[in-house]
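Work through the exercises below with the sequence and the 3D view open. Try each task before reading its solution.

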Amino acid sequence: MTQWVYCFGAGRNEGSAEMRNLLGGKGANLAEMASIGLPVPPGFTITTEVCTWYYQHERRYPADLEAQVKAGLKHIEAAVGTRFGDTHKPLLVSVRSGARVSMPGMMDTVLNLGLNDATVEGLVVASGDARFAWDSYRRFIQMYGSVVLGVDHHRFEEIIENVKLDTGKTEDTELTAPEWHRVADGYKEMVREATGRPFPQDPWEQLWGAVGAVFSSWQNQRAVTYRRLHDIPAEWGTAVNVQAMVFGNMGQDCATGVCFTRDPSTGENIFYGEYLINAQGEDVVAGIRTPQPMAQLKAKPGERSMEVAMPKAYAELVQVRQTLERHYRDMQDIEFTVQSNKLYMLQTRNGKRTAAASLKIAVDMAREGLIDHSEAVKRVNPAALDQLLHPTLDPKAARKVLAKGLPASPGAASGIVVFSADEAEARAQKGEAVILVRIETSPEDIHGMHAAKGVLTTRGGMTSHAAVVARGMGRPCVAGCGGISVDYNNQVLSSGGVQVRGGEVLTIDGSTGEVYVGSVAMIEPQLSGDFATLMEWADRVRRMKVRANAETPLDAETARKFGAEGIGLCRTEHMFFDPERIGAVRQMIMAETEAGRRVALARLLPFQRQDFVDLFRIMAGLPVTIRLLDPPLHEFLPHSEYEIAEVAQSLGANVDEMRRRAQELSEANPMLGHRGCRLGISFPEIYEMQARAIFEAACRIGKETHKAPHPEIMIPLVATHRELEITRAQIERVAQEVFAETGYHVEYSVGTMIELPRAALTADAIAESADFFSFGTNDLTQTTFGLSRDDAGKFLPLYVEKGIFPKDPFVSIDPEGVGALVRIAAEKGRRVKADIKLGICGEHGGDPSSIHFCESVGLDYVSCSPYRVPVARLAAAQAALMRR
Ligand code: PEP
Ligand code: MG
């Protein structure tokens, strides 16, 4: 025989917290609370399996359910000492839903069930309170009428309003017993008229009606939508909990409340919540009366805390709070009722909380000995941690949404709108806060992005230039905001008929992608002691190292401050845009001969050497991976006629000549064009100069500090092993030259990025010449999917919305395709060279679920933008704990 019904309370606890799949969260926790001795009104749970059965059998029940429900009700009757349907001392029950995970307010509930024209009289006598009894009866007819019988709830409200009008009263609380009696009669009359049948008087008919309504509510529109939004499978079903009623509305020594064992917004270890004297559960949420605080510490003038109003029940509740936290080892969200000064627990579950609260609660609980350090590390969501590292919009502040784009780099920023990088820089120098608005950004805009408080683009996806650079700099960024159009000529942006001119104020929220007109109040991040403590615990269990993608001294310093253990990607091209050196870069590009290029490169060498001296000094003793030049050369040349003329003049070059060269270098698909090691092979002098700069800097720091850095030189966009052999030989030659010239020697490694499918598939051959692999998963995603990083924004959101892609593959690694290539390359590489160092430096290196993937492949490190380093440290720790 299948057990469809599980009893709880009064010493008969057939369920437990572990049985949440079968009993639903509410049922499982009621049983658990009862079994640890907390005061739970007795009841029983009809399992989720009945719900599944019900839907598989045209909304009928298993044959043996009825007998089991009858037995369950007998258990309640025996425990409480009243009988269901008894006209003298009637038992009343509540009937509530309860799925595996909580779906607040999505399904139905019926209270005070068991009342009818006869039992209400019994309740009058038994409670000694006619007003209470008739109020309960009318509440029951109202709830049952709308939930089970489908009568529009407005029709009930109308009847109360009429009685109030007749009697000249304005508040529900002023109505007397005879007046509630009149309301109940009016309700029954109306229900008969609306449904064509009298209101059911038989308590058993009422019970089965309510059970059916709860099961049916599993498929109501609200619940279906909620499940879709939260990925809850329809097969799970809901349980039904039938429980003896306790009354918080039987007088001044009664109350009902909802509370959290700690403050869910700050995490503070204080009893937090609200209660109402002489009220039933729905009154607390309905907002008719103003609930009062639990703890006196939280009471404002004029408020009456439960601590003061009901000291005995409060003391008992404080005890329960401690028992629950000790037992569940987590912050609980609880519901309770006090009837005649006696406390009853109606629900407990792990409470939802803000990012800040989750950090504080995890650290506090570990300190209190409730959980261990590893558990604390597991409790904090790394994505939520990200919110704590950046300013956020004050949730209480008023705001007006203008448009929504992609949440490309977290944090919020307000400032005046500027449309060019130069203006951003000029205004920022004068101390103004600016938001740089561009259709899209290019490497030439870096100085403006750096100067701006935030960046907004109307095109591009999550790995577009703007997104990657903004994340690297820790600047909030909204990218791909297609709802906004930008008119550079007239210096105005517009969306849905609203215009914002250059110089007017805009606010962006890079965590949600929202853009607001005007400024919105912000909250500054608090990197309190708890943050540092949790990071320390995370670092103790982490296996993978965490490095940062950084090229400027400022980025490197930020990275170290956030705990980076080296640089995993220094994109050297970013160093070329500085106004002091871009001229030499362009001179190199314009040169027709190798000799001409060498002259220009000789001008660049001292700058580049100084870059590396600075980086090595900041990263003292830590590994630094330097990627040689990657992007196609046209990116360094001016594009508009005006800029071409200006640059030609400053270089002393011919305008036509410059235009011709720019045209010659332009490419239809630069991502697959003359870039990466292809440049290093066609123009070996470029990589030679870069290698020289690296070795000279390393030798200088080595001599100076007697702690020589260990540079890791990385070749981009390798597709075949020959490419790496050739470029490696160039680098080794330069190394020997520099060591001979300086009389100093440093250890170094040469490796490659794996960012093309061919490189992944032939990683064994490539490993012969590589000391390390770093997975460039931005390009690898792009080339595996055949999906352009900069153009995908036009349709990617639709693909995600339609479920064609489960997630944006530029944000979270695609484990089946791109991930398979990473796995293959890692295995092939290790087969040839067991100790080959493996890392990831694409944007995925800072994404928690991708970091779990990296742990599963056994990578040695992840590298991400400096501001994501703490997120990566925590995610790597969680991945390690999960793998154990
Ligand atoms: C990559 O392709 O993943 C990478 C890190 O290089 P970039 O983003 O500079 O192309
Ligand atoms: Mg790349």
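**Exercise 1. The shell around ligand 1**

Task: Find which helix gives the largest share of the shell around ligand 1, and list the residues of that shell.

Solution. Keep in mind that the model is a predicted one.

Step 1. Helix H30 supplies the largest share of the shell around ligand 1, with three residues.

Step 2. The residues surrounding ligand 1 are Leu569, Arg571, Arg627, Met753, Glu755, Gly776, Thr777, Asn778, Asp779, Arg789, Cys841 and Gly842.

Step 3. Strand S27, residues 567-571, gives at least two residues to this shell, as does H30.

Step 4. Next come the polar atoms. An oxygen atom of ligand 1 lies 3.0 Å from a side-chain N or O atom of Glu755. For the backbone, a polar atom of Gly776 is 3.2 Å from an oxygen atom of the ligand, and one of Thr777 is 3.0 Å from an oxygen atom of the ligand.

Step 5. On its own, ligand 1 has 290 Å² of accessible area, and the protein covers 95% of that.

**Exercise 2. The magnesium ion**

Task: Name the protein donors of the magnesium ion, ligand 2, and state where each one sits in the chain.

Solution.

Step 1. The donors are Glu755, through OE, and Asp779, through OD, at 2.0 to 2.2 Å from the ion.

Step 2. Glu755 belongs to the loop between strand S30 (749-754) and helix H28 (757-761), while Asp779 belongs to helix H30 (residues 777-785). The two are 24 residues apart, and the pair links distant parts of the chain.

Step 3. To decide whether the donors are buried, use the cut-off of under 20% relative accessible area. Glu755 has a relative accessibility of 2%, so this residue counts as buried. Asp779 has a relative accessible area of 4% and is therefore buried.

**Exercise 3. The surroundings of Asp779 and Gln782**

Task: Which residues does Asp779 touch, leaving out those up to four places away in sequence? Then do the same for Gln782.

Solution.

Step 1. Asp779 is part of helix H30. Its contacts outside that sequence window are Met671, Arg675, Leu717, Glu755 and Arg789.

Step 2. Take Met671 as an example of a contact across the sequence. Asp779 and Met671 are 108 residues apart along the chain, but their C-alpha atoms are 8.4 Å apart in space.

Step 3. Two side-chain polar contacts of Asp779 can be found in the model. One joins Asp779 to Arg675 at 3.0 Å, and another joins Asp779 to Arg789 at 3.3 Å.

Step 4. Gln782 is also located in helix H30. With a relative accessibility of 5%, Gln782 is counted as buried. Beyond its neighbours within four places, Gln782 contacts Met671, Leu787, Ser788, Arg789 and Phe810.

**Exercise 4. The nonpolar cores**

Task: How many residues are in the largest nonpolar core, and which of them have the most contacts inside it?

Solution.

Step 1. The core contains 125 residues, and those with the most contacts inside it are Phe612, Phe616, Phe636, Phe695, Ile715 and Phe773.

Step 2. Helix H26, residues 684-705, contributes the largest share of this core, eleven residues.

Step 3. A separate, second core has 63 residues, including Val69, Phe84, Met190 and Val191.

Step 4. Now look at one residue of the largest core. Apart from residues up to four places away, the contacts of Ile715 include Leu628, Cys677, Tyr687, Leu724 and Val750.

Step 5. As background, nonpolar side chains tend to be buried together in soluble globular proteins.

**Exercise 5. Positive phi values**

Task: Where in the chain are Arg329 and Gln491, and are they buried or partly exposed?

Solution.

Step 1. Most residues other than glycine have a negative phi. Arg329 is not a glycine, yet its phi is positive, about 55°. Gln491 likewise is a residue other than glycine and has a positive phi near 55°.

Step 2. Arg329 is in the loop between helix H12 (311-328) and strand S11 (332-339). Gln491 is in the loop between strand S20 (485-487) and strand S21 (492-495).

Step 3. Arg329 has a relative accessible area of 34% and is partly exposed. Gln491, at 32% relative accessibility, counts as partly exposed.

**Exercise 6. The whole chain**

Task: How many helices and strands does the protein chain have, and what percentage of its residues is buried?

Solution.

Step 1. The chain has 34 helices and 33 strands.

Step 2. Of its 884 residues, 56% are buried.

Methods
Residues are numbered from 1 along each chain as its sequence is written. Chains are lettered from A and ligands numbered from 1 in the order in which they are written. This is a predicted model: local features need pLDDT of at least 70, side-chain atom pairs count only at pLDDT 80 or more; totals for chains, interfaces and linings use all residues. Side-chain values use heavy atoms; hydrogens and water are left out. A nonpolar core is a set of buried Ala, Val, Leu, Ile, Met, Phe, Trp, Tyr and Cys residues joined through side-chain atoms within 4.5 Å. Buried means under 20% relative accessible area, exposed over 50%, partly exposed in between (1.4 Å probe, protein chains only). Helices (H or I, at least four residues) and strands (E, at least two) are DSSP runs, numbered from the N terminus. Contact means heavy atoms within 4.5 Å. Donors are N, O and S atoms within 2.8 Å of the metal (3.2 Å for Na, K and Ca); water is not among the atoms, so sites may look incomplete. A residue is near a molecule or strand if one of its heavy atoms lies within 4 Å of it. A polar contact is a pair of N or O atoms within 3.5 Å; within protein, one must be able to donate a hydrogen and the other to accept it, and residues adjacent in sequence count only if both atoms are side-chain atoms. Accessible areas come from the Shrake-Rupley method with a 1.4 Å probe; for residues, only the protein chains shown count as cover.
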